[in-house]
Amino acid sequence: MITSLPATTTFTPRQALLSAMEFADNDNLQDVLIVGYDGNGELLVRSSRMDRKDALWLAEMLRDWALTGGL
């Protein structure tokens with residue numbers, strides 16, 4: 001059983017990735033899309049078993065979550 005607090009706006013990149021790794025280590029992640037900025041401000045995208053169509057669908061789900069607060 002995983003007990004984890006929700007992500008917070010004060011997480012560092014490392015903390016966010018380690019939190020996700022806890023889920024991955026316990027087989028609680030199916031697919032992953034990682035989006036961020038590198039040290040030069042360039043967009044960085046990594047994904048697992050995901051093509052651009054699936055990434056866009058997941059991004060739209062994220063958009064809905066961000067706009068509605070997950071309601």
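A salt bridge here is a side-chain nitrogen of Lys or Arg within 4 Å of a carboxyl oxygen of Asp or Glu. The side chains of Arg49 and Asp31 meet that definition, at 3.3 Å from N to O, and the tour will return to them.

This is a predicted model, in which local features need pLDDT of at least 70 and side-chain atom pairs count only at pLDDT 80 or more, while totals for chains, interfaces and linings use all residues. Residues are numbered from 1 along each chain as its sequence is written, and side-chain values use heavy atoms, with hydrogens and water left out.

**Whole chain**

Start with the cartoon view. The protein has two helices and two strands, arranged along the sequence as α-β-β-α. Helices (H or I, at least four residues) and strands (E, at least two) are DSSP runs, numbered from the N terminus.

Next, colour by pLDDT, the predictor's confidence in each residue, from 0 to 100. The average is 86, and 87% of the residues score at least 70. Among the elements, β2 has the highest mean, 94, and α1 the lowest, 89.

Now show the surface. About 6600 Å² is exposed, and carbon and sulfur atoms supply 58% of that area. Accessible areas come from the Shrake-Rupley method with a 1.4 Å probe; for residues, only the protein chains shown count as cover. Of the 71 residues, 4% count as buried. Buried means under 20% relative accessible area, exposed over 50%, and partly exposed in between (1.4 Å probe, protein chains only).

**Helix α1**

Select residues 13–25, which form helix α1. The expected span of a helix is 1.5 Å times one less than its number of residues. For the 13 residues of α1 this gives 18 Å, and the end C-alpha atoms are 18 Å apart, so the two agree. After the helix, click on Asp27, where phi is positive, near 55 degrees.

**The strands and their patch**

Select Val35, Tyr37, Leu43 and Val45 as a group; together they make a nonpolar surface patch of about 460 Å². The elements giving two or more residues to this patch are β1 (33–37) and β2 (43–47). Patches are made of residues with over 30% relative accessible area and no salt bridge; like charges are joined within 9 Å, and nonpolar side chains (Val, Leu, Ile, Met, Phe, Trp, Tyr) within 5 Å. Within the group, pick out Tyr37, which belongs to strand β1 and is exposed, with a relative accessible area of 67%.

**The loop between β2 and α2**

Go on to Arg49, in the loop between β2 and α2 (52–68). Its phi is positive, about 45 degrees, although Arg49 is not a glycine. Arg49 is exposed at 69% relative accessibility. Show its partner, Asp31, which is partly exposed at 30%. Asp31 lies in the loop between α1 and β1, so the pair ties together parts that are 18 residues apart in sequence.

Select Met50, in the same loop as Arg49. Met50 is buried, with a relative accessible area of 17%. Leaving aside residues up to four places away in sequence, Met50 touches Asp31, Val32, Leu33, Ala55 and Leu58; contact means heavy atoms within 4.5 Å. A distance between the C-alpha atoms of Met50 and Val32 should read 8.1 Å.

**Last stop**

The structure holds two salt bridges. Besides the pair already visited, select Asp54 and Lys53, whose side chains meet at 3.4 Å, N to O. Asp54 is partly exposed at 32%, and Lys53 is exposed at 59%.
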